[in-house]
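Good morning, everyone, and thank you for making time for this. I would like to walk through one structure with you, slowly, and I will take each part in turn.

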Amino acid sequence: MFTDVAFDFQQYLGQTRARIQTELEKLLADNDPEILWEAMRYSVLGGGKRIRGVLCLAAAEAAASKSGISVDEAVALVLPCACAIEMIHAMSLIHDDLPCMDNDDLRRGRPTNHKVFGEATALLAGDALLVMASEVLMSRTPEQVGKAYLIDVALELARTSGARGLVGGQVADMASTGLMDMPPSVAAEKLSMIHERKTGALIKFSVWSGARLCGADQVLLKAIKRYGEILGLSFQIADDLLDVTGSVESLGKTPGKDQAAGKLTWVSAYGVEGARAKLSDLEQEGKSILHQAGLSCQTAAPLTALLEYSIHRQN
Ligand code: GRG
């Protein structure tokens with residue numbers, strides 16, 4: 001369906017990541033107190049796939065094709081939002097790695113933030129990034145985006161981050177430790193809720209916000225939202241699989257932690273084959289949704305490739 005379009009995904013990914021990286025470097029340039037900014041830069045600028053920021057730009061480009069604006073204009077409109085998303089993602093990783101949560105020493109192949117800067121500075125670097133994300137979104141988004149659109153997006157970002165999103169998902173995830181043997185029917189509901197909030201919410205927001213800021217119509221917004229849900233779930237199932245099949249070298253973090261903690265994951269509930277089968281179904285559904293929303297093969301190519309990448313990635 002979308003497979004016969006010539007599209008250089010590696011080039012697209014490299015270029016889009018570089019755009020986001022350059023902007024983040026500007027936003028996080030030297031400041032005072034130096035140790036705090038160094039800790040913030042360490043986690044935001046030091047690697048990572050940038051999948052959420054790239055998704056925001058890809059959704060904006062898809063929406064632009066229908067809203068009559070150029071790809072370059074679309075990127076300019078959503079770049080601050082993509083940076084805000086990457087800041088929230090980085091802060092969630094800093095906090096997730098803290099001794100009071102997952103207690104991890106390794107992230108992206110390097111010592112975790114608190115191992116380098118100490119717990120107090122890591123915690124505060126996370127806090128500063130959370131608040132800075134909203135500041136960047138509200139103050140840097142070009143005026144061409146109407147105020148009503150911007151408020152809508154800012155409100156959704158707050159919901160995505162809080163008790164109904166990342167924070168709630170993290171609390172439910174921590175409470176699932178030791179529950180890996182629960183009956184499948186109970187596990188299914190619990191797992192969906194955890195995945196939807198902890199990982200899915202920010203991924204869904206990434207694509208929805210990109211489309212919304214570029215004036216997507218309701219039909220496209222609905223399709224993009226569903227695509228975001230599918231990608232969010234796929235991303236976490238792939239993560240659950242990698243925890244079992246990956247190595248410390250390929251992942252840049254410690255594998256096997258979910259199993260050691262007795263955590264409820266897609267693999268503990270449905271096995272490796274069950275997880276792979278679900279990923280295959282989700283890949284088909286995600287691709288056909290973009291098609292049904294009226295996107296051409298060319299316009300949908302980045303979003304299609306990002307779905308494939310999220311599912312088949314090795315880290
Ligand atoms: C947002 C206020 C606020 C608090 C954070 C700690 C916490 C609450 C939430 C944890 C969220 C979390 C760590 C979810 C896991 C999501 C996930 C699969 C992360 C890995 O993402 P990748 O693979 O990482 O995109 P890279 O390193 O590539 O950026």
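I will speak about the ligand and the residues around it, then about a cavity, and then about a pocket.

Before we begin, please keep in mind that what you see is a predicted model.

Let us start with the ligand, which has 22 residues around it, and of these K49, R52, H89, R108 and Q170 come nearest. Three of those side chains can be described in more detail: in R52, an N or O atom of the side chain is 2.7 Å from an oxygen atom of the ligand, and a polar side-chain atom of H89 also lies 2.7 Å from a ligand oxygen. For R108, the distance between an N or O atom of the side chain and an oxygen atom of the ligand is 2.8 Å. How much of the ligand does the protein bury? The ligand taken alone exposes 750 Å², and the protein buries 91% of that.

If we now ask where the shell around the ligand comes from, the elements that give two or more residues are α3 (51-67), α4 (71-97), α8 (166-175), α9 and α10. Among these, α4 gives the most, with six residues. Sorted by class, the shell divides into seven nonpolar, eight polar and seven charged residues.

Next comes the cavity, and the structure holds one of 30 Å³ or more. The space in the largest cavity is about 110 Å³, and its lining includes Y42, S43, L93, D97 and R108. You will recognise R108, whose side chain we met at the ligand. At least two lining residues of this cavity come from each of α2 (34-45), α4 and β2 (110-111), and α4 gives the most, with four residues. By class, the cavity lining has five nonpolar, three polar and four charged residues.

Finally, let us turn to the second largest pocket, which holds about 430 Å³ of space. This pocket is lined by 24 residues, and those nearest its centre are E196, G200, A201, K204 and E229. Which helix supplies the largest share of the lining of this pocket? That share, nine residues, comes from α9, while α7 (147-161), α9 (184-213), α10 (218-245) and α13 (266-292) each supply at least two. The lining of this pocket has 10 charged residues, alongside seven nonpolar and seven polar ones.

To close, I would ask you to look once more at α4, which gives the most residues both to the shell around the ligand and to the lining of the largest cavity.

Conventions. Residues are numbered from 1 along each chain as its sequence is written. This is a predicted model: local features need pLDDT of at least 70, side-chain atom pairs count only at pLDDT 80 or more; totals for chains, interfaces and linings use all residues. Side-chain values use heavy atoms; hydrogens and water are left out. On a 1 Å grid over the protein atoms alone, a cavity is a set of points where a 1.4 Å probe fits but cannot get out, and a pocket is an open set with protein on both sides within 12 Å along at least five of seven lines; lining residues have an atom within 4 Å of a point. Grid points are joined across faces, edges and corners, and a volume is the space filled by probe spheres set on the points. Ala, Val, Leu, Ile, Met, Phe, Trp, Tyr, Cys and Pro count as nonpolar, Asp, Glu, Lys and Arg as charged, and the others, Gly among them, as polar. A residue is near a molecule or strand if one of its heavy atoms lies within 4 Å of it. A polar contact is a pair of N or O atoms within 3.5 Å; within protein, one must be able to donate a hydrogen and the other to accept it, and residues adjacent in sequence count only if both atoms are side-chain atoms. Accessible areas come from the Shrake-Rupley method with a 1.4 Å probe; for residues, only the protein chains shown count as cover.
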